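This report introduces one structure to a reader who has not met it before. Please look over the sequence and the model first, and then follow the sections below.

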Amino acid sequence: MYLKKLELKNYRNYIHVNLNFDKNTILILGNNGNGKTNLLESIYYLSTGRSHRTYGQDEIINWESDYSKVKALIGSEKEDEPDCFIEIELHKGNNIKIKVDKIIRRKKSDFISILPSVIFSPDDLKIVKSGPMERRNFLDSILEKIDPSYYRQRLQYQKILTQRSSLIKSLNTRTGAVCNSTLDVWDDNLVKYGVDIIKKRYDLLTEFAADFKNCISSFFKGVKVNINYIFSWDRGYGSDGLADYENKKNPVMESFGPDDIMTIFHRELKESFKKDLLYKTTTIGPHRDDFMILLDSRNIRYFGSQGQQRIASISLRLCELDILKKKIKKDPVLLLDDVFSELDIERKKILVKAVSDKFQTFVTTTNISYLDKLDLEFGSKFLIKDNRIAVSDL
Ligand SMILES: Nc1ncnc2c1ncn2[C@@H]1O[C@H](COP(=O)(O)OP(=O)(O)OP(=O)(O)O)[C@@H](O)[C@H]1O
Ligand SMILES: [Mg+2]
């Protein structure tokens, strides 16, 4: 799929822009703070129903306005498939109106995934450097794109988790007495809904682990790479360092069946009851899972250089691209937001080789000085200045 036309009204710094694109590599050039990321964000929003950099929908609306519109015409690579017209109107207070081919739709799920996309953003460094939540979000965002039931499963799990944790809190603060049958119900439900989430994340990581290792190795020759799933019960409370991982009780098995996970999850949940009372929360479950990247047996999160961490985050996105290609059988749009700036020329070339495919690709940059050294052909070029975007013949 690819984006043929995009119209933005009151979207962040854009009061009104109307753009036409071809299915090729598109350059977006502009100085800092001119709106390059905002433009890619709007395309990502069309694709996923969410921004890649904020949870608050109202933030997207121009400060001087109380509504925002994103309209898009999506083309297909299949000749017999008609274009699709998406119209999204956002109003302050988290209100959204959706039309697909002029027909009003109620749910975001009616437009998300029409235009699959993968975004490479400077913020991706967080996946590697920040806490486990960022890594879980990375896996979840892929699963949501390839498995329509996953989002609902997570919501369901979250609800049960909140209820179990409230019960634990009340036990601790009131009498300390345990109503075993009530807790058992929440434990059973937590395991029932949590197992699928763990299994799906674990399988996803296992599926792209080999690709990931190859990918990093193409950037850094001779480096030994490992990527491992870490179950909540293998993490120490409040820390997730290498020591915890090495001392873990359940070594990663080659293939984990849902029954194995269910048995361990149940056992660990029961065993951690006292700890849960102490910390007034639920310490076991997929909401505390993580994964770890090791370069030459050291956790990249703590010991990797900024460049190595950047390459690891780019490699994760390249794996996402491969998984999407395999699973959804539609061409995704690639959004490369300022990804080249931190890489040396050799690694810029490797990245270009990895992404220059048959997909529509948007590349943003603040300077073009290095572009002619790369084997990157731009079909069209746009210059952003003073909140306006114009076709450029740079
Ligand atoms: N809701 C909003 N309404 C109006 N302007 C906004 C809104 N949100 C952000 N902005 C403005 O958009 C501009 C930032 O745009 P953006 O992040 O897309 O820039 P950029 O071109 O990617 O810059 P850089 O090269 O530094 O990454 C900022 O000047 C910011 O103040
Ligand atoms: Mg930017």
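## Surroundings of ligand 1

Of the 16 residues around ligand 1, those that come nearest are N13, N32, K36, T37 and N38, where a residue is near a molecule if its C-beta atom, placed from the backbone, lies within 6 Å of it. This is a predicted model, in which local features need pLDDT of at least 70 and side-chain atom pairs count only at pLDDT 80 or more, while totals for chains, interfaces and linings use all residues. Residues are numbered from 1 along each chain as its sequence is written, and chains are lettered from A and ligands numbered from 1 in the order in which they are written.

Helix α1 (residues 36-48) gives the most to the shell around ligand 1, with three residues; helices (H or I, at least four residues) and strands (E, at least two) are DSSP runs, numbered from the N terminus. By class, the shell around ligand 1 holds two nonpolar, ten polar and four charged residues, with Ala, Val, Leu, Ile, Met, Phe, Trp, Tyr, Cys and Pro counted as nonpolar, Asp, Glu, Lys and Arg as charged, and the others, Gly among them, as polar.

## Strands β4, β5 and β6

Strand β4 (residues 67-75) pairs in the antiparallel sense with strand β5 (residues 84-91) over eight bridges, two strands being paired if DSSP finds at least two bridges between them. Within this pairing, Y67 has H91 of β5 as its bridge partner.

Strand β5 is also joined by six bridges to strand β6 (residues 95-100), and these two run antiparallel; here H91 has N95 of β6 as its bridge partner. The hairpin of β5 and β6 has three residues between the strands, and in it G93 takes a positive phi near 90°.

## The sheet of β9, β10 and β11

Three strands form an open sheet in the order β9-β10-β11, with antiparallel pairing. Its edge strands, each pairing on one side only, are β9 (225-230) and β11 (298-299). Six bridges link β9 with strand β10 (residues 290-295), and I227 stands opposite I293 in β10.

## Helices α3 and α10

The axes of helix α3 (residues 132-146) and helix α10 (residues 306-328) come within 10 Å and cross at roughly 15°, the axes being lines fitted to C-alpha atoms over the stretch in contact, with angles running from 0 to 180 degrees between N-to-C directions. Helix α3 is therefore roughly parallel to α10, a description used for angles under 35 degrees.

Conventions. Parallel < 35°, antiparallel > 145°, perpendicular 65-115°, else oblique.
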